[in-house]
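Please look over the sequence and the three-dimensional structure shown here, and keep both in view while reading the explanation below them.

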Amino acid sequence: MSDSASLTTDHPGQAASTTPPARGRSRRLSDRWLAVVFISPALLLLLAMSVFPLLWALYLSFTDYSATRGGPANFVWFENYTAILASAQVHLRALTTLIYVIGAVALQTVLGFTIAYLISRRTHGRGLLTTLFLVPMMLSPVVVGLFWRFMLDAQFGVINSMLGSLGLGQVEWLTRQQTALFSLIVVDTWQWTPFIMLIALAGLTAVPKYLYEAASIDRASEWFRFRTITLPLVWPLLLIAVLFRAIEAFRLFDLVYILTSGGPGVSTETLSFHVYKVAFLGFNTGTASAYGILMVLVVIVLTQLYLRYLNKLKED
Amino acid sequence: MVTTAVACGGGGTESSAPKAPATVPELTKDPLTLSFIWFDWPPAHALEDFANAEYTKERPNVTIKVNTVPNANWHDAMFTQFAAHKTDFDIPILDSQHIGEAVTNGNILDITDFVKKNIDVNAYNPYLLAAYGQFPQAETGKRDENASLYGLPLLGDTWTMIYRKDLIGDKPPQTWDEMISVAEKCQADNPGVSGLAFHQANGSDAAAVTYNTVNGVYGGNLWDAKSRKINGVLNDAAGQEAMDVLVNKMKPLTAKGSGNWFIDEVNAAVAQGKACIAFNWIAASGALLDPKQSTLGTTREQILEKLGFATLPTQKTNLVPLGGMGMHVSAYSSEEKQAEALNFMKWFEQADIQKKWAAAGGVPSRTDALESPEFLNAGPFNKVYADSVPRMRDMWNVPEYARLVDIENTNVNAALNGAKSPKDALDDIAKEQQSVLDSSNRKGGGGL
């Protein structure tokens, strides 16, 4: 009340300047406290569900701990890491994973961008088409794996039935070394091409129309417009989609588990599938933790390199 | 319940399994659910129905729940809970080879004293009692009276040969070589029908059991248990011959794309009339007689006119694979549930209950139940089981079992699907399994 009274004086400026600073500071502190209160549940959840397990896994990765055998976790320092990096079994799985990531992501990028480009040129039914294309992405990978397993069955699968009606022979999609990994790539592509398509479509929609109009006035060909306007403007966004997909593909587990169980032999065992076996068949928790940490490191390093390239692209 | 940690003698294999009391403690009168864990297959459902119908007559406050998981997750589902030292099941149904891992980790109760006081051990074929409960394993096929017991038989099982009487005649082949030539002829005479159907998948123990069966029949050995030697034993001349027979003689007689077949796929091939001769676990064969699932006839009798069940053919030996499982008591269950579990086991192993279990579709282990009309008349394959009991051989029952079987599964599967030559596959199995056994106490990098 005294403050409002002072505002009625002839020196309002003076009155304002004499507002006690302590009150303002206390309000700021109160805001900060409120912010902490609001953020802390999410922060605690993040710490409990992500940060703590990661740090715990990091600790276990330097030990010989086994979750089932129990007992103390003896420090073996970098022995788990050196064993993993020197293991021929791990090298084999790394190669399989690399082939899978490159094959699946490349195919999805080409198909996803092509579909997005074709949809972006349509004026009618664009929304419906986009929604329909997105359906596979909304399904659980386990469900996708199960019905593709039936579809790819050599004896009664619909794919071989269609090939048969075309006069072609039966293909052992999931039980031959040459076709099993290819089948995994095809199934993953079926499910995740829409993701690339969605991102590419967002990029294509954002390209300013006046650029195309200017190109039309200059009588630029379709290919010229695509090469010099569309692709350069969509490329950075597309690369981010590729990054997400590559990380996802790198840690592929579910489709392998359902479709091939890593077979024939171990020819479709990815790194994630191998970690699962190390962790749960022999319960070598220390080794599995080191394996997981190494996989995270690989993703972080590759992502950093990739982001630098993206930034450079932006600067250029 | 008072439990103490004890050391298990023999074999240098340490046990940290807590001991169960010799007598069943006082049981609760409050409502109680006794939970089992098993994989999803017909005997699991039969057990739940049977136990709820019969055990509740004695213990009306108890409900039996048999939780099931897919076969491929069975080991993980049990041992991840054991790792957490907290289980949502009271009676884990372990494969005989899981016992070593569970005992050395202290996950299940040592019921040696309980068995001595409550179970008539002479009522069983000693090997069955040993296979489903004893650790260290009964290497000789005979029960070691001094070894500790950690489980009691729940379901006996072995492979049966299923053959098409209408295609190859009423008399089943007697030797393995004869079986192959009969299947070859049948396949040639009946386009669209494959000569053979058997487990080849690389999940669970599918392909491994197939190779182990052929290995046994051709006189091979899985290992020398005393010296823990696999390399040089498994891949000796007999082992090589078995792998050659499996990959080069048997595999060409199977359906295209059957390289990932397991129990259900083999049953489906037989039920659809697509196989002349098949091999499957007896406990999973009941569905073959269901007209709703078969194209071989509209009644059980019509189906049985076409399908025959026989013991496995012999060759250099007459060995057959030991299947089936025992029931155990989780070390992490509450005291009242452990008491109820022990009471259930005592009840289940009675002669009249075993016969009722047989009539309900189960495969008992007590000799009197195996010889009873209730069992022998319950299914056409039950006599096959009774005749096969003296011929059984199990795999390694060691804590490293899960890794050993995975190595064998993946390599046999690779050989069957052309990803490896038979010789390379067998040598790799022997080398990798030996390395697992030799590195049991390795510090760092274990499990790769």
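What follows goes through chain A, chain B, the contact between them and a few points of backbone geometry.

The model is a predicted one, and every value given for it is computed. In chain A the secondary structure comes to 14 helices and 0 strands, so that reading along the sequence gives a pattern written purely as α, from beginning to end. The radius of gyration of chain A is 28 Å, whereas a compact globule of 316 residues would have a value near 20 Å. Taken along the principal axes, the box that the C-alpha atoms of chain A fill is roughly 100 × 75 × 35 Å.The domain assignment divides chain A into domain 1, residues 2-60, and domain 2, residues 79-315, and the centres of these two domains, taken over C-alpha atoms, are separated by 45 Å. A further division comes from the UniProt record, an unreviewed entry, which lists residues 94-306 of chain A under "domain: ABC transmembrane type-1". That span, residues 94-306, is 77% helix and 0% strand, and its end C-alpha atoms lie 19 Å apart.

Burial and contacts add to this picture of chain A. Of its 316 residues, 31% are buried, and among the contacts between residues at least 6 apart in sequence, 70% join residues that are at least 24 apart.

Chain B also has an assignment of two domains, each made of two stretches of sequence: domain 1 takes residues 32-157 and 323-378, while domain 2 takes residues 159-320 and 396-438. Their centres, taken over C-alpha atoms, are 27 Å apart, and the contact between them takes 21 residues from domain 1 of chain B and 15 residues from domain 2 of chain B. On the side of domain 1 that touches domain 2, at least two residues each are supplied by helix H1 (42-58), helix H3 (99-104) and strand E6 (152-157) of chain B. Helix H3 of chain B gives the largest share of that side, 4 residues. By class, this side of domain 1 of chain B holds 8 nonpolar, 10 polar and 3 charged residues.

Where do the nonpolar residues gather? The largest nonpolar core has 163 residues, and those with the most contacts inside it are B:Ile93, B:Ala183, B:Leu196, B:Ala197, B:Val270, B:Ile277 and B:Ala278. Helix H17 of chain B, residues 401-416, gives the most to this core, with 9 residues. A second, separate core has 22 residues, including A:Trp173, A:Val187, A:Leu252 and A:Tyr257. To look at one member of the largest core in more detail, B:Ala183 is in contact with B:Gly195, B:Leu196, B:Leu253, B:Cys276 and B:Ile277, when its neighbours within four places in sequence are left aside.

The two chains meet where 31 residues of chain B are in contact with 39 residues of chain A. On the side of chain B that touches chain A, the elements that give two or more residues are helix H2 (74-83) and helix H17 of chain B. The largest share of that side, 7 residues, comes from H17 of chain B, the helix that also gives the most residues to the largest nonpolar core. The residues on this side of chain B divide into 9 nonpolar, 16 polar and 6 charged.

The backbone holds a few details that can be checked residue by residue, beginning with the loop of chain A between helix H12 (254-259) and helix H13 (271-280), where A:Pro264 is found. A cis peptide bond, with omega of about 0°, joins A:Gly263 and A:Pro264. The loop between H12 and H13 of chain A is also the place of A:Ser261, a residue other than glycine whose phi is nevertheless positive, near 55°. Is A:Ser261 buried or exposed? A:Ser261 counts as buried because 23 other C-beta atoms lie within 10 Å, and the cut-off for a buried residue is 20 or more.

Chain B offers a counterpart to each of these details. The peptide bond from B:Phe135 to B:Pro136 is cis, with omega near 0°, and B:Pro136 lies in the loop between strand E4 (134-135) and strand E5 (148-149) of chain B. B:His85, although not a glycine, has a positive phi of about 55°, and this residue is found in the loop between H2 and strand E3 (91-95) of chain B. B:His85 counts as partly exposed because it has 14 C-beta neighbours inside 10 Å, a number that falls between the limits of 12 or fewer for exposed and 20 or more for buried.

Key: Residues numbered from 1 in each chain as written. Chains lettered and ligands numbered in written order. Predicted model: local features only at pLDDT ≥ 70, side-chain atom pairs only at ≥ 80, totals over all residues. Rg over C-alpha atoms; globule rule 2.2 N^0.38 Å. Contact = placed C-beta atoms within 7 Å. Core = buried A, V, L, I, M, F, W, Y, C linked by C-beta atoms within 7 Å. Nonpolar A, V, L, I, M, F, W, Y, C, P; charged D, E, K, R; others polar. UniProt positions renumbered as here; feature names shortened; annotations may be inferred. Domains from an automatic or database assignment.
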